[in-house]
Amino acid sequence: MKKKKVNLRDLKPNSEEQHSHDDGHDHGDGSAFKTYIPAIISFVMLMVGIAVDYFDAIPQFEGLIRVVWYTLAYIPVGFPVIKEGWKSLIKGDVFTEFFLMSIATIGAFIIGEYPEGVAVMLFYAVGELFQNAAVNRAKGNIKALLDVRPKEANVFRDVDYISVSPEAVNIGEKIQIRVGEKIPLDGILLSEKASLNTAALTGESKPDSIQKDAKVYAGSINLESVVEVEVTNTFEDSSIARILDLVQNATARKSKTELFIRQFARIYTPIVVFLAIGVTFIPYFFVDDYVFRDWLYRALIFLVISCPCALVISIPLGYFGGLGAASKNGILFKGASFLDAMTKINTLVMDKTGTVTKGVFKIKNIKTFDWNEKEFMNYLMAMEEQSTHPIAKAIMEYQKGTNNFEANKVSEVAGKGLKGVVNGKEVLVGNKALMVSNNIEVPNETEAIVESIVLVAIDNVFAGYVVIADELKEDAKETISSLHRVGIKKIMMLSGDKDSITQQVAKDLNIENAKGGLLPEDKLNEVEAIKKNSENKVAFIGDGINDAPVLAASDVGIAMGGLGSDVAIETADVIIQTDQPSKVVKAIKIGSSTRKIVWQNIILAFGIKVIVLILGAGGLATMWEAVFADVGVALLAILNAVRLQKMKWS
């Protein structure tokens, strides 16, 4: 699937639904100080005006002079808002916060409350500046990803290394990375060893030491010596490009809570506007000493309070903070909606190979009969030396001494193993069927071994066996315990590997329900059967191409992003960049923290607004309380949302 190029301008926390917050206040190219100059001018003029009013220092400061002074104080902060309100009005979007603040403050001027009119607009403008600063801070984690995007690659061409753009390097070419440089493309390490900082990709601050032939990923930083890498992926398919693409798209996928609040604000705001009109005129019919100016003042308070700023800004900021915190920890959510979905998961289904195991065969046990282990392995390694089978590769990892044995006349016995001559002795290497067909007695103890087993006979006498097994990941066992602690009630393992091996791994991990020997459609059927119970919210963790259908069918699909197949990663909703299953626990915790902060903000904003609305209608609240209910609460909610970027999840 072709990846999209990532553009910095696309990495906004909200799309057009940001309702022109970014349009109305330009904080981009100028310095931070210039951004605050209009607010500073208005603040100084407001303070001077209030001081002159209070102390009556200048007798001439009245009438037209006083109106002009406060009007000049109002213009620097008020004009941009009125301009945005007018633009929205022309587009048919009447009930925006710009329009409401314009009407409320102009209304304050009409009834002679000049200082309050300037103050409301000033605090609103300052609130907007702080909101934008908070949004920019929340974008920091994701913008940092752009900083790790390599700018050039030193590629070996025409007997020398030349510097080119990473996009111009082809698969199979050799690149060189100096100390302190970022690896520009995914590849295989050609040097003997390397020490890499992978924090930008995985969230792990500890340097990663790797050996020759190990995979390396674009965006990692070379820490120790000059290394060479053979490129395995083009730049647009590299790990760093994939992260950028996922994060870019994630900001556009809103959660249900976020979408609901935006829709609610569009209904809620006009209702309050009509209530404000009612507050102005309806009392005329019921109150004996009706004073139009007093009731209009109360209505203006209603308008100031009605701005849904705290909700519309702080809630997306909360989700955006959650997405940034997750990416910082090596977890990529493809949308805010999946942050919410993770908190509702109660059933977890997982693949085995590559998910809780490393997907790499290792020698687990060597048992010999009347043979020295080293000599026994030399015979076996001589036979397996030319094979490319994963089990043969695992056997060749045995490195105790140098093997001077050489195999001759090696032939493959279909479905059974190998037959050959090593140092003048006839050697058989394979399964039990090979031994039986050559009338070699195999010990009964081999029957109880569920893992892959290689049997060896030398000169028609059983010599021993080697047990080959896939290793469990270091954090696999602790992950299962932690999942139960965060609310996952049911854990199930589904694997295409042999059922006996699957059951053994499940037993080692304390997973009660496991099934092996499954085809991709069998896994899909199992998950769909679980989902028939509407109470089950299912997440599936996998890494292979055969897991893609199940990842798509589950409520939340989680893919291992380091070793996982591209198809699995494209299909999944959440990507674990480090291939550590324990990150699933952290993803659930980040989702829970995000949801908690979002709901705290909703309750805070609604609670205070309702209280001040009631006080305003009763004439017990002034414009100053209204300012707090709007801008003050928005700032409190934003500060609460920003906390996500400082949180730690163990």
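Angles under 35 degrees count as roughly parallel, over 145 as roughly antiparallel, 65 to 115 as roughly perpendicular and the rest as oblique. The angles themselves run from 0 to 180 degrees between N-to-C directions, with axes fitted as lines to C-alpha atoms, for helices over the stretch in contact.

Some ground rules before we start. This is a predicted model, where local features need pLDDT of at least 70, side-chain atom pairs count only at pLDDT 80 or more, and totals for chains, interfaces and linings use all residues. Residues are numbered from 1 along each chain as its sequence is written, and side-chain values use heavy atoms, with hydrogens and water left out.

**Exercise 1. Classify the packing of α12 against α21, and list the residues that make the contact.**

Step 1: Helix α12 covers residues 336-344, and its axis comes within 8 Å of that of α21, crossing at roughly 110°. (Helices are DSSP runs of H or I with at least four residues, strands are E runs of at least two, and both are numbered from the N terminus.)

Step 2: The two helices are therefore roughly perpendicular to each other.

Step 3: With contact meaning heavy atoms within 4.5 Å, α12 brings L339, D340, M342, T343 and K344, while α21 brings V584, A587, I588, I590, G591, S592, T594 and R595.

Step 4: By class, these are six nonpolar, four polar and three charged residues. (Ala, Val, Leu, Ile, Met, Phe, Trp, Tyr, Cys and Pro count as nonpolar, Asp, Glu, Lys and Arg as charged, and the others, Gly among them, as polar.)

**Exercise 2. Do the same for α21 with α10 and for α21 with α22.**

Step 1: Helix α10 (residues 292-306) and helix α21 (residues 582-617) have axes that come within 9 Å and cross at roughly 170°. They are therefore roughly antiparallel.

Step 2: On α10 the contact uses W295, R298, I301, F302, I305 and S306; on α21 it uses K609, V612, L613, G616 and A617. Seven of these residues are nonpolar, two polar and two charged.

Step 3: For helix α22 (residues 623-642), the packing angle with α21 is about 170° and the axes are 10 Å apart. This pair, too, is roughly antiparallel.

Step 4: Here α21 contributes I597, Q600, N601, L604, A605, I608, K609 and V612, and α22 answers with E625, A626, F628, A629, D630, V633, L636, A637, N640 and A641. The classes are twelve nonpolar, three polar and three charged.

**Exercise 3. Describe the length, burial and start of α13.**

Step 1: The twelve residues of α13 (373-384) reach 16 Å from first C-alpha to last, close to the 16 Å expected. The expected span is 1.5 Å times one less than the number of residues.

Step 2: Nine of the twelve are buried, meaning under 20% relative accessible area, with exposed over 50% and partly exposed in between (1.4 Å probe, protein chains only). Among them are F376, Y379 and M383.

Step 3: At the start of the helix, a side-chain oxygen of N372 lies within 2.9 Å of the backbone nitrogen of K374.

**Exercise 4. Compare the settings of N423 and N510.**

Step 1: Most residues other than glycine have a negative phi. Yet phi of N423 is near 50°, and that of N510 is about 65°.

Step 2: N423 sits in the loop between β14 (417-422) and β15 (425-430), and N510 in the loop between α17 (499-508) and β19 (513-515).

Step 3: N423 is partly exposed, at 43% relative accessible area, whereas N510 is exposed, at 56%.

Notes. Polar contact = N/O pair within 3.5 Å; in protein donor to acceptor, adjacent residues only side chain to side chain.
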